Structure formats: structure tokens, C-alpha cells
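Visitor: Hi! I'm new to this one. Could you walk me through it?

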Amino acid sequence: MSEIIYEDDYIQVIVLDDKGAGGAHHKYSITCKDVDPEKGGYLELGHVQFQNGAILENGVNGLTNEVLLAIVGHRLECFQDGPFPSDFNAAALHGVDLAKLVLEMRTQDRKDRGVEGQTKA
């Protein structure tokens with residue numbers, strides 16, 4: 001499995017695996033276009049490995065959505081505190097904060113029902 005899921009003038013994100021039991025992918029490669037026109041192609045910037053399977057059943061084996069949202073939120077907060085704050089960054093930060101809140105609510109719901117960390121609905 002290899003599918004480009006994001007591409008702009010410089011960066012490309014490729015999904016590397018098939019969907020798992022929960023219906024989501026877990027492995028992504030991030031590359032950038034080589035700036036030397038004679039070389040062409042892409043240079044690898046890194047990989048993102050998401051948690052694959054419930055933590056209580058599989059241990060911690062990757063990142064969660066919450067981890068990446070925390071990183072993006074922190075970067076946006078830093079931009080807002082920097083020399084060039086913008087309404088666009090503020091709106092994006094609001095969206096990230098909302099996403100974090102909703103995922104926290106989901107986790108709490110799963111804890112309340114005794115199914116957090118397990119492969120149960």
C-alpha cells in the first residue's frame with residue numbers, strides 16, 4: 001500500500017500501510033522535493049508511526065492523534081506569541097483546541113464505560 005494523501009509545492013505525505021482493525025492507517029512517510037533539479041525525486045524527512053491496536057492489548061507502539069494535536073497546538077501558540085501573530089493562526093488554534101477537547105471527551109467516555117485501552121466499542 002502506498003498512496004499520496006497530501007502534497008504541496010515542497011512536501012508530500014504518503015500512507016505506507018493498509019488500514020488496521022479500527023479502520024485507520026498507522027504508517028506515514030513525509031518527504032520533500034529535492035531542490036536540486038538534476039537530482040529530482042524526493043528526500044525523506046521522517047516517518048509517523050501511530051498507535052496500532054489498543055494500548056492495554058498491544059502496549060504503546062506509536063503516537064496518538066492527541067500527541068500530534070498537542071504539537072501543532074504548541075507551534076500555533078508559539079507563532080501567536082511571536083512577532084507575526086495572525087487571525088489565521090488564531091482560527092487554526094481554535095480548531096486544534098476543539099479537536100483536543102472532543103478527543104478528551106471520547107477518552108473519558110471510554111474510561112467511564114470501562115473499555116479504554118481495549119478493542120471494544
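Guide: Happy to! Let's begin with a term we'll need: a salt bridge is a side-chain nitrogen of Lys or Arg within 4 Å of a carboxyl oxygen of Asp or Glu. Please keep in mind that this is a predicted model.

Visitor: Okay, how many salt bridges does that rule give here?

Guide: The count comes to two salt bridges. D109 pairs with R113, and their closest N and O atoms are 2.9 Å apart. E116 and R110 meet through their side chains, at 3.4 Å from N to O.

Visitor: Is D109 buried or exposed?

Guide: Somewhere in between. D109 has a relative accessible area of 38%, so it counts as partly exposed. R113 is also described as partly exposed, with a value of 42%.

Visitor: And what about R110, buried or exposed?

Guide: R110 counts as buried because its relative accessibility is 9%, and buried means under 20%. E116 has a relative accessible area of 29%, which makes it partly exposed.

Visitor: Which other residues of α3 are buried?

Guide: Along with R110, the buried residues in α3 are N89, L93, V96, L103 and T107.

Visitor: Why would positions like that point the same way?

Guide: An α-helix has 3.6 residues a turn, so residues three or four places apart point the same way.

Visitor: What do the buried residues of α3 pack against?

Guide: They pack against α2, which covers residues 65-81.

Visitor: How many residues does α3 have?

Guide: Helix α3 has 26 residues, running from 87 to 112. From its first C-alpha to its last it reaches 37 Å, close to the 38 Å expected at 1.5 Å a residue. Just after α3 comes G114, with a positive phi of about 75°.

Visitor: Switching topic: in what order do the strands of the sheet come?

Guide: The order is β1-β2-β3-β4, in an open sheet of four strands with antiparallel pairing. At the edges are β1 (3-7) and β4 (42-49), each pairing on one side only. On average, neighbouring strands of this sheet are turned by 25° against each other, direction ignored.

Visitor: What joins β1 to β2?

Guide: A hairpin does, through three residues. Strand β2 covers residues 11-15, and β1 pairs with it in the antiparallel sense over four bridges.

Visitor: Which residue is the bridge partner of Y6 in β2?

Guide: That's V13. For I4, the bridge partner in β2 is I14.

Conventions
Residues numbered from 1 in each chain as written. Predicted model: local features only at pLDDT ≥ 70, side-chain atom pairs only at ≥ 80, totals over all residues. Heavy atoms only, no water. Pairing = 2+ DSSP bridges. Helix = DSSP H or I, 4+ residues; strand = E, 2+ residues; numbered from the N terminus. Axes fitted to C-alpha atoms, helices over the stretch in contact; angles between N-to-C directions. Expected span 1.5 Å × (residues − 1). Buried < 20%, exposed > 50% of the residue type's maximum accessible area, 1.4 Å probe, protein only. Contact = heavy atoms within 4.5 Å.
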